[in-house]
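Work through the exercises below with the model open beside you. Try each task before you read its solution.

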Amino acid sequence: MRRVIGIDIHRTFGEVVIWENGKLHHAGRVDMTRTALEGFGKGLLPSDEIVIEATGNCMAVSRVLSSFAARVIIANPLQVKAIAQAHVKTDKIDAGTLASLHAAGYLDL
């Protein structure tokens with residue numbers, strides 16, 4: 001069972017969407033503090049893959065979550081043009097798009 005977690009990161013929170021077995025489900029928000037990220041990380045599976053878009057604090061998020069998941073991918077915004085071109089844009093949609101694009105192999109590095 002493969003799980004890909006997309007996180008749309010903002011300065012104070014991240015919107016989390018999980019892709020599993022071809023379906024997306026919203027998993028809520030996580031605060032962008034070390035304590036909150038570690039708490040979130042403890043609920044991850046060791047085989048999980050996390051996708052975040054390159055933002056100002058993406059490296060800090062990646063460092064914290066990398067010890068809880070199999071892989072943390074930082075996506076170049078140019079790779080995720082689908083987010084920028086979306087007509088309906090919300091944090092949940094952005095996070096789901098990140099997870100779906102990686103699950104489909106479009107963000108493999």
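**Exercise 1. Is Arg 29 buried or exposed, and how does its salt-bridge partner compare?**

Step 1. Look up the cut-offs: buried means under 20% relative accessible area, exposed means over 50%, and partly exposed lies in between (1.4 Å probe, protein chains only). Arg 29 has a relative accessible area of 55%, so Arg 29 is exposed.

Step 2. Find the partner. Arg 29 forms a salt bridge with Glu 15, and the closest N and O atoms are 2.7 Å apart. A salt bridge here is a side-chain nitrogen of Lys or Arg within 4 Å of a carboxyl oxygen of Asp or Glu.

Step 3. Place the pair. Arg 29 sits in strand 3 and Glu 15 in strand 2, 14 residues apart.

Step 4. Classify Glu 15. Its relative accessibility is 3%, so Glu 15 counts as buried.

A note on the source: this is a predicted model, where local features need pLDDT of at least 70 and side-chain atom pairs count only at pLDDT 80 or more, while totals for chains, interfaces and linings use all residues. Residues are numbered from 1 along each chain as its sequence is written, and side-chain values use heavy atoms, leaving out hydrogens and water.

**Exercise 2. Describe the layout of the protein chain: how many helices and strands are there?**

Step 1. Know the terms. Helices (H or I, at least four residues) and strands (E, at least two) are DSSP runs, numbered from the N terminus.

Step 2. Count. The protein chain has four helices and five strands.

Step 3. Read along the sequence. The pattern is β-β-β-α-β-α-β-α-α.

Step 4. Check burial. Of the 109 residues in the protein chain, 45% are buried.

**Exercise 3. Which residues touch the most other members of the largest nonpolar core?**

Step 1. Define the core. It is a set of buried Ala, Val, Leu, Ile, Met, Phe, Trp, Tyr and Cys residues joined through side-chain atoms within 4.5 Å.

Step 2. Name the residues. The largest nonpolar core has 18 residues, and Ile 5, Ile 7, Phe 40, Ile 50, Ile 52 and Leu 65 touch the most other members.

Step 3. Trace the suppliers. Strand 1 (3-9), strand 2 (13-20), helix 1 (34-42), strand 4 (49-53) and helix 2 (58-65) each give at least two residues. Helix 2 gives the most, with four.

Step 4. Zoom in on Leu 65. Contact means heavy atoms within 4.5 Å. Not counting residues up to four places away in sequence, Leu 65 touches Ile 7, Leu 37, Phe 40, Gly 41, Ile 50 and Val 72.

Step 5. Look for another core. A second, separate core has ten residues, among them Val 51, Ala 99, Ala 103 and Leu 107.

Step 6. Recall the general trend. In soluble globular proteins, nonpolar side chains tend to be buried together.

**Exercise 4. Why do the buried residues of helix 1 line one face?**

Step 1. List them. Leu 37, Phe 40 and Gly 41 are buried in helix 1.

Step 2. Look down the axis. The buried residues fall within an arc of 100°, so they line one face of the helix. The arc is that of the directions from the helix axis to the C-beta atoms.

Step 3. Turn to the other side. There, Thr 35 and Lys 42 are exposed.

Step 4. Find the cover. Strand 1, strand 2, strand 3 (23-31) and helix 2 are included in what covers the buried residues of helix 1.

**Exercise 5. Which parts of the chain does the salt bridge of Arg 2 tie together?**

Step 1. Identify the pair. Arg 2 forms a salt bridge with Glu 49, with the closest N and O atoms 2.9 Å apart.

Step 2. Locate both ends. Arg 2 lies in the segment before strand 1 and Glu 49 in strand 4, so the pair ties together parts that are 47 residues apart in sequence.

Step 3. Compare exposure. Arg 2 is partly exposed at 32% relative accessible area, whereas Glu 49, at 13%, counts as buried.

Step 4. Add another bridge. The side chains of Arg 3 and Asp 48 meet at 2.6 Å, N to O. Arg 3 is in strand 1 and Asp 48 in the loop between helix 1 and strand 4, 45 residues apart. Both Arg 3 and Asp 48 are buried.

Step 5. Give the total. The structure holds four salt bridges.
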